Amino acid sequence: MDLLSIFVKGGIIMYFILASSIVAVAIAIEKFIVLKKAKVNVPAFLIKLRSLIKKKDLEGAISYCMQERTPVSNIVKKGLKKIRFGHQRVVEAIESAGRQEISKLEKGLSILASIAGIAPLLGFLGTVTGMIGAFMKIQELQGSANPADLAGGIWEALITTAFGLIVGIPALALYNYFVSKINKMVVDMERISTDLIDMLDDTSKSIDSEEEDDYNL
């Protein structure tokens with residue numbers, strides 16, 4: 001018996017499980033692409049950014065962030081654009097941009113988590129309905145059903161549980177994988193944001209010190 005025949009034997013619940021698997025695969029592919037594009041070399045990024053800020057080349061720093069086109073660079077860019085409005089506005093811009101970028105990274109994960117929980121439950125539902133059908137057959141035969149009559153109905157009922165687990169287990173594993181990757185990126189975002197604020201504070205103090213020296217002269 002081929003896979004298609006087994007699928008058909010599972011009944012209508014199998015189509016819901018199949019739909020869940022398609023959605024899960026689509027989300028997984030999209031997340032792999034997004035996370036790959038979002039990956040950044042933190043030390044190299046910080047070295048380049050620190051070099052530009054020390055030179056007081058804010059336009060160059062903003063252009064560098066625009067070239068990188070990662071969540072981290074987007075956050076830094078938003079902060080750099082608010083420098084002229086003061087320290088507090090920079091912090092607020094970084095926090096707001098951080099929330100937006102995290103929301104983008106987490107998009108679709110709730111659906112993947114739901115599929116990880118729903119797919120096995122759909123499988124159990126198919127098994128329960130299949131078992132109900134098997135017992136109804138026993139009643140129709142007035143208890144004279146032989147094992148061969150019941151075996152087919154029982155294994156057909158268990159197909160949905162198997163397929164539900166086949167979809168649910170990988171979906172859960174992928175969900176946990178993506179969450180761990182995003183959490184690591186969030187840590188990198190926080191680290192770079194903190195370093196950026198420190199760099200800007202140091203630059204501001206340096207400018208104030210130079211202005212004070214010029215005044216004394």
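At what angle do helix α5 and helix α6 pack, and how far apart are their axes? In this predicted model, the angle is about 155° and the axes of α5 and α6 are 8 Å apart. Below is a quick tour of that helix pair, then a nonpolar patch on the surface, then a buried glycine in helix α8.

**The α5/α6 pair**

- Helix α5 covers residues 71-80, and its partner α6 covers residues 87-106.
- Angles over 145 degrees count as roughly antiparallel, so with about 155° between them, α5 and α6 are roughly antiparallel to each other.
- As for handedness, the crossing of α5 past α6 is right-handed.

**A nonpolar patch on the surface**

- Leu 4, Val 8, Ile 12, Tyr 15 and Phe 16 together make a nonpolar surface patch of about 560 Å².
- Two elements, α1 (3-9) and α2 (13-38), each give two or more residues to this nonpolar patch.
- Leu 4, one of the patch residues, sits in helix α1.
- Leu 4 has a relative accessible area of 60%, and because exposed means over 50%, Leu 4 counts as exposed.

**Gly 168 in helix α8**

- Look for Gly 168 in helix α8, which runs over residues 147-216.
- Gly 168 has a relative accessible area of 4%; the cut-off for buried is under 20%, so Gly 168 is buried.
- Gly 168 and Pro 120 are 48 residues apart along the chain, yet their C-alpha atoms are separated by 5.7 Å.

Definitions and conventions
Residues are numbered from 1 along each chain as its sequence is written. This is a predicted model: local features need pLDDT of at least 70, side-chain atom pairs count only at pLDDT 80 or more; totals for chains, interfaces and linings use all residues. Side-chain values use heavy atoms; hydrogens and water are left out. Patches are made of residues with over 30% relative accessible area and no salt bridge: like charges are joined within 9 Å, nonpolar side chains (Val, Leu, Ile, Met, Phe, Trp, Tyr) within 5 Å. Accessible areas come from the Shrake-Rupley method with a 1.4 Å probe; for residues, only the protein chains shown count as cover. A salt bridge is a side-chain nitrogen of Lys or Arg within 4 Å of a carboxyl oxygen of Asp or Glu. Helices (H or I, at least four residues) and strands (E, at least two) are DSSP runs, numbered from the N terminus. Buried means under 20% relative accessible area, exposed over 50%, partly exposed in between (1.4 Å probe, protein chains only). Axes are lines fitted to C-alpha atoms, for helices over the stretch in contact, and angles run from 0 to 180 degrees between N-to-C directions. Angles under 35 degrees count as roughly parallel, over 145 as roughly antiparallel, 65 to 115 as roughly perpendicular and the rest as oblique. A crossing is left-handed if the near helix is turned anticlockwise from the far one by less than a right angle, and right-handed if clockwise.
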